[in-house]
Amino acid sequence: MNSLVKASSTVAMERWVGRVAVVTGASSGIGAAIARDLVKKGLKVVGLARRLDRLQVAAVELKDLPGELHAVQCDITKEQDILSAFKWVKEHLGGVDVMVNNAGLLHQAFLSDGETSEWREMLDVNVLGLSICTREAISSMKERGVTDGHIVHINSISGHGLPPSSTMCYMYGATKNAVTMLAEGLRRELVKNNSKIRVTSISPGLVRTEIMDAANLRTFTSSDVFGGNPCLEPQDIADAVAYALGVPPHVQIHELTIIPTGQKF
């Protein structure tokens with residue numbers, strides 16, 4: 001990135017300095033990259049994740065940067081955990097200005113013989129957890145009269161149509177299709193209510209993260225996927241979040257699709 005682009009990016013993000021961002025799934029991968037990048041840009045970031053130890057290590061590593069990282073343990077499948085996390089944010093930082101719904105889960109669970117528990121877990125994280133966090137963030141913004149808040153959903157290209165390969169995960173795709181619908185539905189709600197809060201759906205292609213390692217894969221391995229395909233890196237998605245946040249207030253980046261050059265599917 002040349003100096004002119006860097007300078008432009010810095011100016012674009014100045015209005016967010018000192019503001020509060022909540023990032024789910026912030027202990028690794030895309031969420032960790034987003035949290036780190038926002039701290040570098042001067043935001044007070046609340047990282048939510050089950051693995052508190054990872055968040056605490058990251059908070060120490062980032063302590064000399066312009067912003068702050070606050071580690072809060074939260075299981076996105078549990079509503080009470082989410083409500084407790086937002087209560088913590090209100091009591092310690094005042095409230096939320098930016099909500100990044102990054103936490104996501106993938107299992108290769110087919111409709112013909114999949115495990116109900118795996119379907120439910122994906123729906124709980126990818127759809128319900130995202131929806132509860134969104135509701136609580138908007139409630140916080142309204143309560144404090146925040147007019148320029150921003151909701152960001154980390155979606156997927158799987159949320160825009162069935163993948164061509166039968167080895168892929170259709171229930172995961174269904175949850176991400178729900179995210180696409182929820183983003184547009186929220187945009188219309190906000191417009192109807194004359195709100196200037198913005199919503200952005202960011203849909204990456206293949207990103208090199210731990211999501212495949214944590215998944216229950218039945219007919220392929222993470223090595224099969226990452227070994228034979230070009231990949232994005234988590235920082236690429238963090239850059240996209242910064243771009244969406246940094247455009248002028250009258251501009252809304254509603255859907256941003258990002259794939260690696262040469263992606264085969």
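This passage walks through the fold of one protein chain, from the overall make-up to the sheet, the helix packing and two single residues.

The model is a predicted one, so local features are described at pLDDT of at least 70 and side-chain atom pairs count only at pLDDT 80 or more, while totals for chains, interfaces and linings use all residues. Residues are numbered from 1 along each chain as its sequence is written, and side-chain values use heavy atoms, with hydrogens and water left out.

To start with the overall make-up, the protein chain holds 9 helices and 7 strands; these are DSSP runs numbered from the N terminus, with helices (H or I) of at least four residues and strands (E) of at least two. Of its 265 residues, 50% are buried, where buried means under 20% relative accessible area, exposed over 50%, and partly exposed in between, using a 1.4 Å probe and protein chains only. If one looks at contacts between residues at least 6 apart in sequence, 73% of them join residues at least 24 apart; a contact here means heavy atoms within 4.5 Å.

Next comes the sheet. It is open, has 7 strands in the order E3-E2-E1-E4-E5-E6-E7, and its pairing is parallel; two strands pair if DSSP finds at least two bridges between them. At the edges sit strand E3 (68-73) and strand E7 (255-258), each of which pairs on one side only. On average, neighbouring strands are turned by 15 degrees against each other, direction ignored. Two helices can be placed against this sheet. Helix H2 (residues 29-40) packs on it and touches strand E1 (20-24), strand E2 (44-49), E3, strand E4 (98-101) and strand E5 (150-154), and the direction of H2 makes about 165 degrees with that of E1. Helix H3 (residues 52-61) also packs on the sheet, touching E2 and E3, and its direction makes about 170 degrees with that of E3. For such angles, axes are lines fitted to C-alpha atoms (for helices, over the stretch in contact), and the values run from 0 to 180 degrees between N-to-C directions.

Strand E6 is worth a look of its own. Its parallel neighbour E5 is joined to it by 5 bridges, and 4 bridges join E6 (residues 198-204) to E7, again in parallel. On the E5 side, His153 has Ser201 as its bridge partner in E6. Ser201 also stands opposite Glu255 in E7, and Pro204 has Ile258 as its bridge partner in E7. As for cover, 7 of the 7 residues of E6 are buried. Arg198, Thr200, Ile202 and Pro204 point one way from the strand and Val199, Ser201 and Ser203 the other way, and all are buried.

Now for helix against helix. Helix H5 (residues 116-143) and helix H6 (residues 170-192) pack at an angle of about 15 degrees, with their axes 9 Å apart. That makes H5 roughly parallel to H6, since angles under 35 degrees count as roughly parallel, over 145 as roughly antiparallel, 65 to 115 as roughly perpendicular and the rest as oblique. Among the residues that meet are Trp119, Met122 and Leu130 in H5 and Met171, Tyr172 and Leu182 in H6. By class, the residues of this contact divide into 13 nonpolar, 4 polar and no charged; Ala, Val, Leu, Ile, Met, Phe, Trp, Tyr, Cys and Pro count as nonpolar, Asp, Glu, Lys and Arg as charged, and the others, Gly among them, as polar. One H6 residue in this contact is Thr175. At 1% relative accessibility, Thr175 counts as buried. Leaving aside neighbours within four places in sequence, Thr175 is in contact with Met122, Leu123, Asn126 and Val127.

A second helix pair involves H2 again. H2 and helix H9 (residues 234-246) pack at an angle of about 50 degrees, and their axes are 8 Å apart. That makes H2 oblique to H9. The residues making the contact include Ile30, Ala33 and Asp37 of H2 and Ile237, Val241 and Leu245 of H9. Sorted by class, this contact has 10 nonpolar, 2 polar and 2 charged residues.

Last comes Val89, which is found in helix H4 (residues 79-93). At 2% relative accessibility, Val89 counts as buried. Not counting residues up to four places away in sequence, Val89 touches Val20, Val22, Val46, Gly94, Gly95 and Val96. Val89 and Val22 are 67 residues apart in sequence and 8.6 Å apart in space, C-alpha to C-alpha.
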